[in-house]
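Me: Could you take me through one part of this structure up close? I'd like a connected walk through it, not a list of values.

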Amino acid sequence: MAVEIPPLVKPSRLRSRGGLLGECLAEFLGTFVLIAFGCGVVAMAVAALPGSGRAATSTTIFLAAGDWLLITWGWALAVVFGVYVAGGVSGAHLNPAVTLAMAVRRGFPWAKVPAYWFAQVVGALTGAALVFLVYHNAIDAFDSASKGPKTGGHTLATFSIFATFPAPYFHGGVWGPLIDQIVGTAFLLMLIAAVIDLRNQAVKANLGPLIVGFAVAAIGMSYGANAGYAINPARDFGPRLFTWAAGWQSLAFPGSVPGSFSAYWWIPIVGPLIGAVIGILLYDLFIGDVLLTRAEQATGPEVGRSTQVVTSDDE
């Protein structure tokens with residue numbers, strides 16, 4: 001229910017936030033919410049639930065497919081509420097790949113792209129810092145109890161709370177994870193384009209953010225295990241920056257585990273950017289252009305332009 005509330009800051013001092021600055025603040029806060037809940041649910045699954053005695057052992061995670069559903073639905077809700085927070089001001093891109101796709105095909109000003117990207121990365125980094133503040137005791141307990149290889153005292157499992165890495169069956173290869181990120185993000189943008197296209201099956205009653213969250217859940221369930229379904233450069237790069245500063249060292253940058261993968265950090269950035277452009281182009285080629293053509297055919301002649309009237313004498 002909408003209610004009138006007084007501003008925290010005098011209206012005269014808010015004018016500078018009416019334009020790009022306000023949009024960037026919204027992107028920052030929306031991405032902050034996205035990461036705070038998204039990385040937060042992974043922290044629950046990886047460290048907090050085992051460490052609190054709610055799993056078989058203090059290091060037991062992912063014993064069944066149902067555990068993965070906790071992650072996918074948690075990230076889906078994170079997207080939903082991040083979009084609801086920022087949507088009215090900035091459009092809630094919350095993702096550099098979305099911003100790029102909107103600039104390529106939806107008229108979003110290119111001059112705003114760097115500012116949006118910066119706000120998204122800083123929001124993601126800050127969200128990761130909040131998750132660490134809340135869960136650092138659980139993270140430390142998990143790392144201490146784990147027997148596997150450690151980097152700077154931290155394990156790859158706790159690194160996965162914040163950023164992504166490829167599955168072992170890629171054997172350190174680049175193309176498998178890169179294609180995975182391209183495909184996942186292409187689907188994301190295709191589905192976002194369908195949701196916001198008013199000529200298509202338009203979403204009613206402001207349910208767009210919920211449907212986008214469902215799309216993220218679907219991608220996670222169908223493609224998530226390959227490389228953690230970052231599908232968002234800021235979602236991976238911001239928390240990766242934080243973990244590098246917080247002691248995960250080479251796990252974060254260059255993103256390496258000896259014998260498993262190396263220099264992985266750039267794949268969750270480049271893959272989503274490529275995939276986003278492919279996804280928006282595919283939607284417009286197969287669906288958007290068809291809907292536009294049908295809409296144009298349904299309209300009458302332009303104002304001031306006459307049409308030929310056929311009479312019986314012309315027949």
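Reply: Here is a look at helix 9 and the loops on either side of it, with a little on the whole chain to set the scene.

Keep in mind that this is a predicted model. The protein has ten helices and zero strands, so the pattern along the sequence is simply α-α-α-α-α-α-α-α-α-α. There are 315 residues, and 44% of them count as buried. The C-alpha trace spans about 95 × 55 × 35 Å along its principal axes. If you take the contacts between residues at least 6 apart in sequence, 76% of them join residues at least 24 apart.

Now to the part itself. Helix 9 covers residues 233–248, and aspartate 236 sits in it. Is that aspartate buried or exposed? Its relative accessible area is 0%, so aspartate 236 counts as buried, the cut-off being under 20%. What does its side chain pair with? There's a polar contact at 2.8 Å between the side chains of aspartate 236 and arginine 240. Leaving out residues up to four places away in sequence, aspartate 236 also touches Ala163, Thr164, Ala230 and Pro268. The last of these, Pro268, falls within the 267–298 range of helix 10.

Step back to the loop between helix 8 (208–227) and helix 9, and you meet tyrosine 229. Its phi is near 35 degrees, a positive value in a residue other than glycine. Tyrosine 229 has 7% relative accessibility, which is why it counts as buried.

On the other side of the helix, glutamine 249 lies in the loop between helix 9 and helix 10. Here phi is near 50 degrees, again positive in a residue that isn't glycine. Glutamine 249 counts as partly exposed because its relative accessibility is 43%.

Stay in that loop between helix 9 and helix 10 and you get to proline 254. The peptide bond leading into it from phenylalanine 253 is cis, with omega near 10 degrees. Why pick out these backbone angles? Because most residues other than glycine have a negative phi, and most peptide bonds are trans.

So, to put the stretch together: tyrosine 229 is in the loop before helix 9 with a positive phi, aspartate 236 is buried in the helix, and the loop that follows holds both glutamine 249 and proline 254.

Notes: Residues numbered from 1 in each chain as written. Predicted model: local features only at pLDDT ≥ 70, side-chain atom pairs only at ≥ 80, totals over all residues. Heavy atoms only, no water. Helix = DSSP H or I, 4+ residues; strand = E, 2+ residues; numbered from the N terminus. Buried < 20%, exposed > 50% of the residue type's maximum accessible area, 1.4 Å probe, protein only. Contact = heavy atoms within 4.5 Å. Polar contact = N/O pair within 3.5 Å; in protein donor to acceptor, adjacent residues only side chain to side chain.
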